[in-house]
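Here are my notes on the model you sent round. Please read them with the structure open.

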Amino acid sequence: MDPAGRAAPPSLNALRAFEAAARHGGYVAAAQELHVTPAAIGAQVKGLEAWLGRPLFHRLPNGLSLTAEGRAVLPSLTAAFDAVNHAVRVMRAVGRPRSLTLAALPCIAQLWLAPRLPALQAAFDLDVAILTRDDPPDYARDLVDLGLYFGAAAPAGCTTVVLSRDDLFPVCAPVLAAGLRDPRDLAGMTLLHDSVWREDWPLWLARHGAGLLGAGLLGTGPLGAGPSGTGPLRPAREAAFSLYGIALDAALAGHGVLIGHSALVGEALASGRLVAPFGDRVVAGAPLRLIVPEGGEEGWLAPVIRWLGGEGVRAERRDRVEGG
């Protein structure tokens with residue numbers, strides 16, 4: 001109670017806990033977003049319900065469901081927190097005008113962004129923070145200026161710039177390429193791949209020459225036959241890596257044939273450290289996109305976006321060629 005005898009309003013933490021739990025449909029994801037425990041989220045929500053005098057969630061065996069009261073209050077809370085997050089972005093831009101935060105898949109950060117980072121910083125005199133995240137951020141909530149992810153479409157509330165195609169095709173060290181003339185020559189080879197992108201090899205082989213028969217991560221039975229109908233291909237062994245960069249290092253060392261992503265293996269191909277033994281036999285994947293939260297393309301980020309979209313990268317390549 002305040003001095004006038006009125007009930008104190010609910011805490012900001014309680015409101016945030018309810019809004020996050022309602023948006024995610026559970027306490028666990030809300031806790032991850034707010035960097036607290038699920039028990040803390042539950043306690044805050046219960047306190048808010050006690051203040052309101054009505055339940056905000058139906059507690060179900062498989063999660064939470066909003067009550068009528070919860071549905072009524074959620075939109076205004078979400079709009080309010082979105083407005084606060086926007087204000088924080090504005091304050092951050094005013095206080096740290098030369099600071100850029102990018103979220104990216106670890107492999108994109110390592111293999112696409114890192115080689116371009118010195119030139120980007122030199123072009124714009126930026127302090128850059130790179131957040132490597134397998135799951136894309138919530139661009140409306142997280143303090144992220146730009147994202148770098150593969151995808152077929154823009155996330156809600158964002159625009160995107162396609163930075164490059166991402167074609168799938170086998171790559172290997174030159175020492176292994178001499179014995180690879182046809183996709184079926186992959187029989188007996190070690191096939192390297194990212195453990196998350198486990199469908200890359202089956203997809204390429206089904207399209208270009210052979211199905212796949214294996215007992216490990218690549219499948220448990222035939223995934224299709226080659227155009228000649230000669231049956232599925234059986235690799236000697238597989239090697240799956242939780243980081244694509246490690247799989248690439250294994251390919252560079254000659255330990256097997258990697259299913260390459262063109263957006264990630266370009267430098268190794270250009271230098272000749274890797275080769276594509278089957279030429280232009282590729283499968284198109286989702287393109288590499290620069291993700292721009294709403295409004296970002298209109299402010300100080302606009303020239304950075306143009307640079308990442310190709311202008312600065314092309315200029316950097318011209319400088320390298322002209323400089324020998």
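1. In which sense do strand 7 and strand 11 pair, and over how many bridges? This is a predicted model, and in it strand 7 (residues 167-171) and strand 11 run antiparallel to each other where they pair, with two bridges between them. One bridge can be located by residue: Asp 167 has Ala 284 of strand 11 as its partner.

2. The sheet around that pair is open and has five strands, ordered 9-8-10-7-11, with mixed pairing. Strand 9 (237-241) and strand 11 (283-284) are its edges, each pairing on one side only. Helix 9 (residues 244-252) packs on this sheet and touches strand 8 (190-194), strand 9 and strand 10 (257-261). The direction of helix 9 makes about 130 degrees with that of strand 10.

3. Next, the confidence. The protein chain has an average pLDDT of 84, and 84% of the residues score at least 70. Among the elements of the chain, helix 9 has the highest mean pLDDT, 97, and helix 12 (residues 311-322) the lowest, 44.

4. Two stretches should be named in any description of the model. The pLDDT is below 50 over residues 213-230, a stretch with 45 contacts in the model beyond near neighbours in sequence. The pLDDT is also below 50 over residues 312-324, where the contacts beyond near neighbours in sequence number seven.

5. How do helix 2 and helix 3 cross? The axes of helix 2 (residues 27-34) and helix 3 (residues 38-52) come within 8 Å, at a crossing angle of roughly 105 degrees. Angles of 65 to 115 degrees count as roughly perpendicular, so helix 2 is roughly perpendicular to helix 3. Helix 2 contributes Tyr 27, Val 28, Ala 30, Ala 31 and Leu 34 to the contact, and helix 3 contributes Pro 38, Ile 41, Gly 42 and Val 45. Sorted by class, eight of these residues are nonpolar, one is polar and none is charged.

6. Is Leu 102 buried or exposed? Leu 102, which lies in strand 3 (residues 99-104), has a relative accessible area of 0% and is therefore buried, the cut-off being under 20%. Leaving aside residues up to four places away in sequence, Leu 102 touches Leu 113, Val 128, Ala 129, Ile 130, Leu 131, Leu 146 and Leu 148. Leu 102 and Ile 291 are 189 residues apart along the chain, and their C-alpha atoms are separated by 9.6 Å.

Methods
Residues are numbered from 1 along each chain as its sequence is written. This is a predicted model: local features need pLDDT of at least 70, side-chain atom pairs count only at pLDDT 80 or more; totals for chains, interfaces and linings use all residues. Side-chain values use heavy atoms; hydrogens and water are left out. Axes are lines fitted to C-alpha atoms, for helices over the stretch in contact, and angles run from 0 to 180 degrees between N-to-C directions. Helices (H or I, at least four residues) and strands (E, at least two) are DSSP runs, numbered from the N terminus. Angles under 35 degrees count as roughly parallel, over 145 as roughly antiparallel, 65 to 115 as roughly perpendicular and the rest as oblique. Contact means heavy atoms within 4.5 Å. Ala, Val, Leu, Ile, Met, Phe, Trp, Tyr, Cys and Pro count as nonpolar, Asp, Glu, Lys and Arg as charged, and the others, Gly among them, as polar. Buried means under 20% relative accessible area, exposed over 50%, partly exposed in between (1.4 Å probe, protein chains only). Two strands pair if DSSP finds at least two bridges between them. pLDDT is the predictor's confidence in each residue, from 0 to 100.
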